[in-house]
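Please work through the exercises below with the sequence and the model side by side. Each task is followed by a solution that goes step by step.

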Amino acid sequence: MHPAELMRALTFALLLAACDGGPLDDDAGLLSDAGSTDAGPSDAGCVASADEGAALPAPSLDPEAQRSATCAFDAMGEALSSHRVICAGEEDHGVSESRIADAMLARYLALEHGLRWVAIEGTEASAARWDRYLETGDEAELEAGFGDSAGSLGDTTEAEDFVRALRALSMELPPGERMHVTGFDVAVQFGGTRESVLAYVAEVEPSELDTWRAALRGSDWAAMGASAQALHDQLEERREAYVASSSEEDWARAGRDALNLRDGFLFIDYYARGDFSTGNATHREPGMVRNIEDLLTRTGDASVLLIAHNLHCARDTIIGVDAAGEDAPSFGTHLARSARGDDYLVIAKLFGTGERLLPQGRSLVVSPFEPQPESPEGQLSTYTDAPALLISTGSDALPFGDTLPSTLRGRRYVPRAQYDAFLFVRDATAVTLRE
């Protein structure tokens with residue numbers, strides 16, 4: 001398969017499959033109630049109860065929706081303020097309201113709890129262009145951040161609105177402070193990452209630029225993966241000289257780029273041979289774990305909002321078996337089981353009826369979906385009349401401790417074991433591709 005065709009097919013496969021989960025267990029930390037009210041979840045106003053649920057309008061960036069969101073998130077304010085790492089999950093990448101809800105959550109966390117870092121399920125190289133846009137307002141940087149995702153579910157008007165909302169939020173912060181956006185995925189869409197690391201080579205070892213450019217191009221994914229590893233090894237071996245001619249920060253960034261290229265190329269090699277699951281478990285998810293741990297180290301005690309698919313965020317999910325035959329946990333499961341576990345909180349998004357933009361072959365099509373009645377989203381559709389509801393999985397109002405089916409994934413799971421809260425949106429609409 002031609003490299004360009006393979007990349008397009010791979011992009012669709014990633015957006016459709018997200019990750020390949022395994023057995024789900026029953027143990028996970030729960031949200032405690034952070035308020036109470038006599039009103040029920042179907043009332044028109046915001047209901048500030050983590051147990052009964054906080055009703056709110058459909059996600060929107062207009063001021064009234066933002067005020068309602070503040071009321072809803074206040075219902076779990078103590079949990080949000082006491083957890084350094086919050087993962088905002090989504091059950092489907094093709095739903096418009098999802099990215100809008102992420103912007104609402106980021107705004108709340110920034111203004112109420114001091115959040116300054118947002119990390120998306122994308123590459124650091126692409127997100128770096130958006131980070132410069134947040135700082136400068138340069139429209140060319142905003143556009144450049146879409147370079148790797150052209151024509152995919154990452155190239156939507158909602159994604160653009162999300163980045164613009166972060167820019168507007170950043171401008172509201174006190175002087176000298178701003179929002180940051182970065183990415184933590186490996187370089188499956190590798191154009192921006194390759195150009196980033198080659199720009200560093202041009203700075204510190206210009207005589208080798210053509211050699212490395214040739215080594216990181218082609219259709220032999222395994223060979224390119226080996227070349228990316230060799231470049232990383234050289235960066236390590238020549239660290240002192242390279243830092244002296246650049247900076248410690250730039251050298252470290254180049255090292256991350258090289259490792260992300262390695263993992264991206266080797267993952268694509270498995271995918272091209274028809275083995276998505278092993279490549280995902282061996283290279284992609286472990287690469288995201290590495291990148292998130294590195295980000296959390298670099299940001300010190302700062303709070304970080306991670307944005308990814310629900311299954312990546314999940315607290316107790318094995319996403320597959322790697323090439324060595326070992327179970328590979330999702331990055332959320334890694335965090336929940338690590339020393340950072342007490343600092344980790346997951347808000348998963350579920351959707352009721354409506355439409356989504358769905359990869360089908362090499363196209364994107366609008367597809368309707370309906371929740372299974374027994375699924376969490378099906379039961380939430382019956383439980384509330386509100387356009388949206390934020391509810392703790394520790395709630396006794398619904399059987400979140402039982403094993404329930406997933407509407408979209410064809411699997412069963414215990415909501416309380418995987419997530420701390422659900423943000424449920426009743427009527428979903430499909431994302432719109434940018435023109």
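The exercises that follow treat the open and enclosed spaces, the salt bridges, one helix and two single residues.

This is a predicted model, in which local features need pLDDT of at least 70 and side-chain atom pairs count only at pLDDT 80 or more, while totals for chains, interfaces and linings use all residues. Residues are numbered from 1 along each chain as its sequence is written, and side-chain values use heavy atoms, with hydrogens and water left out.

**Exercise 1. Describe the largest pocket and its lining.**

Step 1. Begin with the term: on a 1 Å grid over the protein atoms alone, a pocket is an open set of points with protein on both sides within 12 Å along at least five of seven lines, whereas a cavity is a set of points where a 1.4 Å probe fits but cannot get out, and lining residues have an atom within 4 Å of a point.

Step 2. The volume of the largest pocket is about 490 Å³, where a volume is the space filled by probe spheres set on the points, and grid points are joined across faces, edges and corners.

Step 3. Its lining is made of 22 residues, and those nearest the centre are Glu-124, Ala-128, Glu-249, Arg-253 and Arg-256.

Step 4. Sorted by class, the lining holds 12 charged, seven nonpolar and three polar residues, with Asp, Glu, Lys and Arg counted as charged, Ala, Val, Leu, Ile, Met, Phe, Trp, Tyr, Cys and Pro as nonpolar, and the others, Gly among them, as polar.

Step 5. At least two lining residues come from each of helix H5 (124-136), strand S4 (180-183), helix H8 (191-204) and helix H12 (248-272), and H12 gives the most, with six residues; helices (H or I, at least four residues) and strands (E, at least two) are DSSP runs, numbered from the N terminus.

**Exercise 2. Count the cavities and describe the second largest cavity.**

Step 1. The count comes to seven cavities of 30 Å³ or more.

Step 2. The second largest cavity has a volume of about 70 Å³, and 10 residues line this cavity, with Glu-91, Leu-311, Arg-411, Tyr-413 and Tyr-419 closest to its centre.

Step 3. The classes in this lining are four nonpolar, three polar and three charged residues.

**Exercise 3. Find salt bridges and state which parts of the chain they link.**

Step 1. Take a salt bridge as a side-chain nitrogen of Lys or Arg within 4 Å of a carboxyl oxygen of Asp or Glu; the whole structure has 34 of them.

Step 2. Asp-131 and Arg-178 form one, at 3.0 Å from N to O, and this pair links distant parts of the chain, since Asp-131 belongs to helix H5 and Arg-178 to the loop between helix H7 (157-172) and S4, 47 residues apart. Both of these residues, Asp-131 and Arg-178, are buried, a word that stands for under 20% relative accessible area, with exposed meaning over 50% and partly exposed in between (1.4 Å probe, protein chains only).

Step 3. Glu-143 forms a salt bridge with Arg-434, and the closest N and O atoms are 2.5 Å apart. Glu-143 lies in helix H6 (residues 139-144) and Arg-434 in the segment after strand S13 (421-428), so the salt bridge ties together parts 291 residues apart in sequence. Glu-143 is partly exposed at 45% relative accessible area, while Arg-434 is buried at 14%.

Step 4. Finally, a network of salt bridges links Glu-124, Arg-253, Arg-256, Asp-257, Asp-294 and Arg-298.

**Exercise 4. Check the span of H7 and say what its buried residues pack against.**

Step 1. The expected span of a helix is 1.5 Å times one less than its number of residues; for the 16 residues of H7 this gives 22 Å, and the end C-alpha atoms are 23 Å apart, which agrees.

Step 2. The buried residues of H7 include Ala-159, Phe-162, Val-163 and Leu-166.

Step 3. The buried residues of H7 pack against helix H4 (96-113), strand S3 (117-120), H5, H6, S4 and strand S5 (304-309).

**Exercise 5. Place Ala-159 and Ala-430 in their surroundings.**

Step 1. Ala-159 lies in helix H7 and is buried, at 11% relative accessibility.

Step 2. Leaving out residues up to four places away in sequence, Ala-159 touches Arg-99, Phe-146 and Gly-154, where contact means heavy atoms within 4.5 Å.

Step 3. Ala-430 is in the segment after S13 and is buried, with a relative accessible area of 17%.

Step 4. Beyond its neighbours within four places in sequence, Ala-430 is in contact with residues including Gly-94, Ser-96, Glu-158 and Val-366.
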